[in-house]
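Let's take a walk through this one together, beginning with the ligand and ending with a couple of backbone oddities. Keep the viewer open as you read.

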Amino acid sequence: MTNKQHWIASQGRPLRGTQDIPGDKSVSHRAVMFAALADGVSRIDGFLEGEDTRATAAIFSQLGVRIETPSPSQRIVHGVGVDGLKAPEGPLDCGNAGTGMRLLAGLLAAQPFDSVLVGDESLSKRPMRRVANPLSKMGARIDTEEGGLPPLRIHGGQPLRGIDYTLEVASAQVKSAVLLAGLYAGGETVVREPHPTRDYTERMLSAFGAQIEFSPGFARLRGGQRLKATDIAVPADFSSAAFFLVAASIVPGSELRLRAVGLNPRRTGLLEALRLMGADITEENASEHGGEPVADLVVRHAPLRGIKVPERLVPDMIDEFPALFVAAACAEGPTVVRGAAELRVKESDRLASMANGLRALGLRVDETPDGATIFPGALQGGEVDSHGDHRIAMAFAVAAQRAQGEVRIGDVANVATSFPGFDELAAGAGFRLRGA
Ligand code: S3P
């Protein structure tokens, strides 16, 4: 095991109580970006104090935007207008955040100045041609490293033209990069998606006063629009809640309430998958939070059965497969995942990370290029490597709650990118989990 930070986790008590999950990562990134580009002052409540989203906020400070933090999870953003960003002094560090880098690529391609986007070790291995290609078609000039990898060197001062673009991979990040560039392009930009993805960029552009037409799988906007400041209330992140949904489902005697979780239908594929597996999850106190549907999720332990995960659900649960693998490991009968090759290019190769980790705990997992079949069984103690991937680390902390020994989870520091305080929250709910 490396000397990087790790956790030791084992069976705790039944999970009980009421939990407040931190703010949504996707919404927090976008809230800072659009508030920075708007005319006027916007206030963001429920901002995720994670490393990813803080990196995005720091980048906008480097681009000349004044951002105040009156209290944790709040930001006051003094928008500079779509034409008000300043040339940065040095490279812009997106940290671990693919969302930050890809969305910023679209925005910065349209600026009059040059910029360089860099990231950490994991982000430096993630594919960027998927954004560089459509942006080049719009007239942008972006150099990548060999293989289409970061850093991205973006040459400013290029006039952009609108595009009618059909996504090659289901990716809200690529869609958003093209729409952000489209805001500055001549004429109209249209993005079409074979499989609809999360639509926060579209919803938020509209909340900031842009004229944008959108429906699942389609978005169209005209370049040259201005944005108007508005206040944003960020809902709790469904992807963070997912670990508790699975944990309470698999630990006998559990009953947990997760308060006011964002339930955008493009994010909640895991709810449907878990319910198909027999999970007992109810929605209470449904309301709206910043234009997004939210509800308390009440989850009680229930015996799960293996399923073939419907492929149509894959984009709607793309970040939830690490959690789903753990549910599958504790079910009755195998679970089959297909059509999920995108998991190989996330913060780690999540199909391999989960398969190897579950094998280290004594299970059989058969991998395919685009999925895996998970054969459930009695989880043993053992050592697993999270490969610096926040969601792999949290998934194995959940798995450990059913293991028959201690699970040592390596390389967990990146949990702070999306879910700072996960370990304390989990321990408070009943997990046995400590840093070592
Ligand atoms: C995100 C989109 C998804 C998701 C990521 C956040 C976003 O990535 O995995 O965690 O905020 O747009 P892709 O668009 O690459 O699928």
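Where does the ligand sit? Bear in mind that this is a predicted model, and then look into the largest pocket: that's where you'll find the ligand. Three helices each give two or more residues to the shell around it, namely helix H1 (25–37), helix H3 (98–108) and helix H5 (172–182).

Now for the shell itself. Going along the chain, the residues around the ligand are Ser26, Arg30, Thr99, Arg102, Ala170, Ser171, Ala172, Gln173, Arg198, Ile318, Asp319 and Lys346. Sort them by character and you get five charged, four polar and three nonpolar residues. Both domains pitch in here: domain 1 (6–23 + 235–435) and domain 2 (25–233) each supply at least three residues to the shell.

Zoom in a bit further and you can pick out some polar contacts. Ser26 has a side-chain N or O atom 2.7 Å from an oxygen atom of the ligand. Arg30 does something along those lines, with a polar side-chain atom 2.6 Å from a ligand oxygen. For Asp319, too, a polar side-chain atom lies 2.6 Å from an oxygen atom of the ligand. How much of the ligand does the protein bury? On its own the ligand would expose 390 Å², and the protein buries 95% of that.

With the ligand covered, let's turn to the backbone. Most peptide bonds are trans, and most residues other than glycine have a negative phi. Two spots here are worth a look with that in mind.

Start with Pro150 and Pro151, which are joined by a cis peptide bond with an omega of about -5°. If you want to find the place on the fold, Pro151 belongs to strand E9 (residues 149–155).

The other spot is Ser73. This residue isn't a glycine, yet its phi is positive, at about 70°. You'll find Ser73 in the loop that runs between strand E4 (66–68) and strand E5 (74–80).

Methods:
Residues numbered from 1 in each chain as written. Predicted model: local features only at pLDDT ≥ 70, side-chain atom pairs only at ≥ 80, totals over all residues. Heavy atoms only, no water. Near = heavy atom within 4 Å. Polar contact = N/O pair within 3.5 Å; in protein donor to acceptor, adjacent residues only side chain to side chain. Areas by Shrake-Rupley, 256 points an atom, 1.4 Å probe, with all protein chains shown as cover. 1 Å grid on protein atoms, 1.4 Å probe; cavity = no way out; pocket = protein on both sides within 12 Å on 5 of 7 lines; lining within 4 Å. Sits in = over half its atoms within 2 Å of the grid points. Helix = DSSP H or I, 4+ residues; strand = E, 2+ residues; numbered from the N terminus. Nonpolar A, V, L, I, M, F, W, Y, C, P; charged D, E, K, R; others polar. Domains from an automatic or database assignment.
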